[in-house]
Each structure stands twice: as structure tokens, then as C-alpha cells.
Amino acid sequence: MSNQKVIELSNITVKYGEKIAISNINLDIVPGEFIGVIGHNGSGKTTLLKLILGLLKPTSGRIKIFGKQGRLTGRLRSKIGYIPQNPEIDRYFPIKVIDVAMMGRYAKYGFFINPGKKDKKIVIDSLEKVGMKDYIFTPFGQLSSGQQQRVSVARVLA
């Protein structure tokens with residue numbers, strides 16, 4: 001494996017108004033490395049993840065993802081999956097489990113192109129891996145929160 005850093009945070013500080021959320025964070029992650037982020041409520045875990053995802057800009061410091069500074073797009077963006085802890089879901093929105101999982105393929109084929117057989121197979125395989133294949137045509141809003149999380153994991157896998 002390459003030793004090119006997948007994630008590189010250098011002297012990152014984030015403030016919300018005058019309140020410092022995280023201060024002088026340095027972090028390097030190389031391919032194949034697994035890390036865990038733990039800490040008390042309000043310690044900056046979500047802020048750190050939002051920085052890595054490009055959803056938040058640091059007050060100071062430098063972020064590089066896959067050796068690139070700035071907002072990730074295209075192929076590089078598709079290499080990062082994210083499952084929110086408490087997603088806001090309209091339980092009455094008419095979307096099926098397979099459609100939610102298929103959203104994980106959008107970075108590969110785009111929003112306005114119909115997925116092909118290969119995409120559908122990848123999505124079904126990802127749903128099978130998380131034990132949700134039998135729910136493919138179930139409305140997403142009818143699932144328990146735990147089942148919704150498993151479908152979200154399938155979306156990231158897809």
C-alpha cells in the first residue's frame with residue numbers, strides 16, 4: 001500500500017463565534033489504517049468529521065484529503081462514505097429501501113443517468129451484507145431506526 005496520506009490535518013482550529021470547538025489538531029491517516037474518534041459530548045468529534053467531509057471550513061490550519069487541498073469532488077468524493085448519527089428523515093416520503101441504497105452509486109453514474117445492471121447488483125449485494133435484502137421494496141420510512149442505519153451502511157458500501 002501507498003504511504004500517501006489519505007487524510008492530513010495540520011494545526012486545525014475551528015471556532016463557532018468566539019467559542020473554540022477544536023484547537024491545533026494534527027492528524028494523519030494512511031491507506032489501510034483504521035481509527036476511532038472518541039470523546040465526551042461537545043468535544044469536537046462531529047466537527048472533526050464535518051471538516052474531513054468538507055462540510056465545514058477550519059478557522060485556521062490546513063486540510064488535505066487524498067493529497068488534495070480544497071473541496072472534494074468527483075471520483076475523490078466517492079471514496080468517502082458518511083452515515084449521519086441522527087439523519088432527518090421524513091417518514092412519509094415515498095422512497096423504497098433499494099432507492100436509498102442506490103443513492104450510494106450517484107457519485108459513479110450521476111443523478112440523471114439510470115443505474116445499470118451492475119449498479120443494481122452492487123446495491124443488492126450491499127443490502128444483503130447488512131441483512132436488509134428482504135426489505136428491498138419496503139418504504140424506508142416504515143423501517144425501525146436500526147434498520148434505517150443498516151440501509152445507510154449499505155448505501156455507503158454501494
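Accessible areas here come from the Shrake-Rupley method with a 1.4 Å probe. By that yardstick, the protein chain in this predicted model exposes about 10800 Å², and carbon and sulfur atoms supply 53% of it. Of the 158 residues in the chain, 29% are buried.

Now for the layout. There are six helices and four strands, and reading from the N terminus they run β-β-α-β-β-α-α-α-α-α. Contacts often reach along the sequence: take those between residues at least 6 apart, and 57% of them join residues at least 24 apart.

Next up is the largest pocket, which holds about 650 Å³ of space. It has 20 lining residues, and the closest to its centre are Ile7, Ile29, Glu33, Ile35 and Leu49. Helix H1 (residues 45–53) gives the most to this lining, with four residues. Here's how the lining splits up:

| Kind of lining residue | Number in the largest pocket |
|---|---|
| Nonpolar | 14 residues |
| Polar | three residues |
| Charged | three residues |

Finally, let's zoom in on one residue, Lys15, which sits in strand S1 (residues 7–16). Lys15 counts as partly exposed because its relative accessibility is 39%, and that label covers the range between under 20% (buried) and over 50% (exposed). Leaving aside residues up to four places away in sequence, Lys15 touches Ile20, Ala21 and Thr59. Pro58 is 43 residues from Lys15 along the chain, yet the C-alpha atoms of the two are separated by 7.8 Å.

Conventions
Residues are numbered from 1 along each chain as its sequence is written. This is a predicted model: local features need pLDDT of at least 70, side-chain atom pairs count only at pLDDT 80 or more; totals for chains, interfaces and linings use all residues. Side-chain values use heavy atoms; hydrogens and water are left out. On a 1 Å grid over the protein atoms alone, a cavity is a set of points where a 1.4 Å probe fits but cannot get out, and a pocket is an open set with protein on both sides within 12 Å along at least five of seven lines; lining residues have an atom within 4 Å of a point. Grid points are joined across faces, edges and corners, and a volume is the space filled by probe spheres set on the points. Helices (H or I, at least four residues) and strands (E, at least two) are DSSP runs, numbered from the N terminus. Ala, Val, Leu, Ile, Met, Phe, Trp, Tyr, Cys and Pro count as nonpolar, Asp, Glu, Lys and Arg as charged, and the others, Gly among them, as polar. Buried means under 20% relative accessible area, exposed over 50%, partly exposed in between (1.4 Å probe, protein chains only). Contact means heavy atoms within 4.5 Å.
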